[in-house]
Amino acid sequence: MYLRISVEDEKTAESSSIASQRDILTRFLDGHAELSRCRRMEFCDDGHSGTNLNRPAITSLLRKIRSGEVCCVVVKDISRLGRSYIEVGNCLERVFPFLGVRFISVNDSYDSGAKAAEDIGIALKTLVYDLYSKDISVKSKSGLDAKKRRGEFAASSPVYGYMKSRDSRNKLEIDEDAAKIVRNIFKLASEGKRAKEIADMLNEAGVPARSSYKARKFGGKDRKRGNSGSRWSAGDIREVVGYECYIGAAVANKTERKVIGQPCIDVPKERWTVVPDAHPPIVGRQEFDSAQRLLRRPSRKKASIKPRASRNKNAGYPYKTVQDIASDKIRKSAAKLENSAAKRSVAMQEHYENFNDGKITRDEYMNLKNEFRRKTEAAKKEAEKDSWNNNAIR
């Protein structure tokens with residue numbers, strides 16, 4: 001059973017909730033004479049867009065399909081699998097049939113065991129879902145852009161030092177507990193302290209880092225915990241000092257998404273949307289400008305470490321231990337194995353395309369696939385052997 005819901009779905013349709021999807025699929029399977037006896041596994045992507053297949057649960061599902069653990073996939077409707085016409089069509093017409101997987105969409109009354117994926121009704125529905133997703137994305141982006149141009153708060157989480165207003169979700173008000181820390185950072189930066197010095201002072205005073213503070217006060221998860229998230233760093237200090245929002249300006253459109261479903265990319269500063277006096281300032285303009293010296297100051301360069309000279313006066317090369325020489329050899333071996341693996345993967349993709357195009361038979365393709373697995377397993381054992389040798393030397 002595959003279930004998915006995006007943030008947009010949660011806002012517009014209660015019937016698309018995870019609990020509702022689970023109930024529909026469970027009742028369908030319980031009443032199905034053949035499938036009711038099968039062992040069930042559930043894969044759920046909660047809060048993920050359907051515009052592409054880069055989702056944790058769908059990735060795990062496809063992995064189990066390839067390993068032969070799944071013989072049938074059931075969804076509430078085809079839009080749960082995805083809203084990309086090309087990717088969903090590829091799954092229905094090529095991937096699932098090739099791997100011998102049955103696909104059922106309950107609300108669409110579609111069962112690949114009885115119908116072909118080329119069925120015109122299914123193709124049209126997939127196209128409609130794709131167009132609907134793009135239309136919603138454009139409308140949503142237009143609405144957000146209008147809010148940003150008015151200086152309204154339109155992000156999911158406010159920057160450290162602020163919180164959503166109790167009166168309006170589109171306005172910010174000062175979070176005094178965090179604002180005290182922000183003012184102290186600007187004060188120290190104005191006095192000439194370096195970013196590393198300020199970070200050390202906050203850590204020694206036991207001040208929680210930004211992500212830890214927000215998770216503790218407003219609920220949620222500290223995304224950076226375990227990765228220096230509970231401590232301040234020089235980078236954190238530089239980010240705080242560089243935020244114009246602390247002088248009351250609303251700053252938006254720092255990133256953009258060129259293609260729906262693709263990652264966001266950074267936008268040049270001159271293209272940011274900046275609206276002054278959009279919310280209460282935490283620091284004044286004079287103090288903000290004074291602290292900018294911290295960002296313009298070059299970081300201290302670490303002293304270069306000269307290579308150790310050889311103890312053999314007659315030797316003209318830097319001194320190297322047996323461990324160094326062996327490690328170099330192992331690194332080169334690992335790079336060679338990685339390069340070979342990449343070439344095998346490319347070749348296997350070409351074989352698959354040749355099979356799809358009818359240039360080679362299924363038996364020929366399966367023989368090539370088995371040979372690919374054999375070489376991959378051999379390379380894996382060789383890599384493990386090199387790793388063992390490296391540990392033994394250490």
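Reader: Which residue stands opposite Tyr110 in S5?

Author: Ser105 stands opposite Tyr110. This is a predicted model, in which local features need pLDDT of at least 70 and side-chain atom pairs count only at pLDDT 80 or more, while totals for chains, interfaces and linings use all residues. Residues are numbered from 1 along each chain as its sequence is written, and side-chain values use heavy atoms, with hydrogens and water left out.

Reader: How many strands does the open sheet have, and what is their order?

Author: Strands of a sheet pair through backbone hydrogen bonds, either parallel or antiparallel. Here three strands (DSSP E runs of at least two residues, numbered from the N terminus) follow the order S3-S4-S5 with mixed pairing; pairing requires at least two DSSP bridges. S3 (72-75) and S5 (110-111) are the edge strands, each pairing on one side only. S4 (residues 102-105) runs antiparallel to S5, joined by two bridges.

Reader: Which residues of helix H8 are buried?

Author: An α-helix has 3.6 residues a turn, so residues three or four places apart point the same way. In H8 (residues 195-204; helices are DSSP H or I runs of at least four residues), Ala195, Ile198, Ala199, Leu202 and Asn203 are buried, that is, under 20% relative accessible area with a 1.4 Å probe, protein chains only. These residues lie on the same side of H8 because they cover an arc of only 135° around the axis, taken from the directions from the axis to the C-beta atoms. Gly206, with a positive phi near 75°, follows H8.

Methods: Buried < 20%, exposed > 50% of the residue type's maximum accessible area, 1.4 Å probe, protein only.
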